[in-house]
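Welcome! Below are a few short exercises, each with a worked solution. Have a look at the model first, then try each task before reading on.

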Amino acid sequence: MQTPPLKPAHYGKEPDPAVIFPVSPQRILAGFVGVGIMLITAMLLMFSTGVGEVLNGVPTATRLVIASFAVLLGVVFLVYANPKARMKGLIVGCLIGAGVMTVPFFFKEGTKQFDPNAEKVAAKPLIPVVDPEVEAFEKLKETIGLAPLVKEQERLDKVGEGKHAYGIWLRNLTEFNKLKVKDFLVQAAHADDSSHCYPRDHDSYLMILTGLDQSIDQIADITKTIGKVKNVYDQIDVIEVEFNDAVFSGGSLDKLIESSDPAFYDLNKRELDSIQMKRVERAVERLADVEPKIYRTDISRKLLELLADPKVQFKGTICRALMVWSEDSDQTAKVVNSTLQDMVKVSQPVPTEMVALLAQLGSVESMPQITMLWFNDPMKWELDYGKFGAAIEDQLLHEFSNTSGLNRASAVRLLAKVGSKKSLPYLEEAKKSASAELSISIDNALSAIRERSS
């Protein structure tokens, strides 16, 4: 029997080890990574599109590219992670990927492409930008406390008289000096007596000066007397002044009263600028009794300023000093006449020194007012009225028929001193009805006039 030929052996196909062996940890991790990539991308596409977020300003087309790339990576990782069921992994990956791809079509916020130039012009910053200077100025207004000033300015606007109110922010001012400073500023600025000081922090006060006609710069010049003007805030009508308490310290008393001392004139000239009226008055009294050796122009000018100030009460003392210190007669006469007429208008007592000064200057501008002063009180004014000399004759004759008693007797005595021939008929007529005593005075006056006339 013949042996059949040998045939080669045939084996089955070698199986894939990935199918036989359990899934490795790397593949499991790859599966989680694949799913994670798609889910995280979907979350970014949904929630990272607001202002300032990662995808803000990214258009829809670009978002689809981002989603497609994430889906591709996710599907590859899922297929790799499932060697025993790659088709299943592919299907699952495609389903998840389809959901990711739809996100850009539903979440369109922030898809408008970002324009850097438009951002600069139109975009509002998330945090407001505050100018440091503006912030500092607002803090300054809060520190000063402008409410009383604003309220007073509103009141003046309603009144409509064109008056102003300004705030003087006084730094380093103590309670002890507050009223002195207030009185000075009210007087120097011709402000209303209703002006008031309001306390602020750290030894400072806000003084409201009201009823003013001057500008804020003019008021600032006045405040230089009491300290250093640090700032003038035109926007809020406030002047910041650092008070100098040296304005209340006088010079050596010995030098102030001793006219032979070289410092006498200088110290008393400075005293005229004091913010304390008592010190000013005492300085005027001292200067009225000495010879004007130096500083005559400066002292004369300051005396006229004080005389013209309606709030200054010692005008008689000032006029007595001007009799010695007056340098410009015309200017002095102008100020004295104006002051006298203002005082008469408001029935304010006129000092005899003022009339005596006008007589010394030979000024007759206020003669009608002075004649009325004499007519109302002849015993007080006869001596000073007679100092004008012949200038009063016409005024006396004009009022002579209205006189009687003390007025008639005073008029006769004055005509005896200053009268001329035109007074004779008046006196002769008056003698007819005169008393024995007055008749003697008239005879004396007639004799004196005739003697002068001859």
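**Exercise 1.** Find which helices each supply at least two residues of the lining of the second largest pocket.

*Solution.* Start with the helices: in this predicted model, α8 (175-188) and α13 (296-308) each supply at least two lining residues. Next, look towards the centre of the pocket, where Phe184, Ala188, Lys302, Glu305 and Asp309 lie nearest among the 15 lining residues. Then sort the lining by character: seven residues are nonpolar, four polar and four charged. Finally, note the volume of this pocket, about 290 Å³.

**Exercise 2.** Work out whether helix α11 (residues 264-271) is largely enclosed or not, and why.

*Solution.* First pick out the buried residues of α11, namely Phe264, Tyr265, Asp266, Leu267, Asn268 and Glu271. That makes six of the eight residues in the helix, so α11 is largely enclosed by the rest of the structure.

**Exercise 3.** Identify the residues that touch the most other members of the largest nonpolar core.

*Solution.* This core has 57 residues, and Val284, Ile318 and Leu427 touch the most other members. Its largest share, seven residues, comes from helix α20 (residues 406-418). Now zoom in on Leu427: setting aside neighbours within four places in sequence, Leu427 contacts Phe400, Val412, Leu415, Ile442, Ala445, Leu446 and Ile449. A second, separate core has 25 residues, including Ile168 and Leu173.

**Exercise 4.** Decide whether Cys319 is buried or exposed.

*Solution.* Buried means under 20% relative accessible area. Cys319 has 0%, so Cys319 is buried. Cys197, at 6%, is buried too. As a last step, count the disulfides: a search of the whole structure finds zero.

Note on methods
Residues numbered from 1 in each chain as written. Predicted model: local features only at pLDDT ≥ 70, side-chain atom pairs only at ≥ 80, totals over all residues. Heavy atoms only, no water. Core = buried A, V, L, I, M, F, W, Y, C linked by side-chain atoms within 4.5 Å. Buried < 20%, exposed > 50% of the residue type's maximum accessible area, 1.4 Å probe, protein only. Helix = DSSP H or I, 4+ residues; strand = E, 2+ residues; numbered from the N terminus. Contact = heavy atoms within 4.5 Å. Disulfide = S-S within 2.5 Å. 1 Å grid on protein atoms, 1.4 Å probe; cavity = no way out; pocket = protein on both sides within 12 Å on 5 of 7 lines; lining within 4 Å. Points joined across faces, edges and corners; volume = space filled by probe spheres on them. Nonpolar A, V, L, I, M, F, W, Y, C, P; charged D, E, K, R; others polar.
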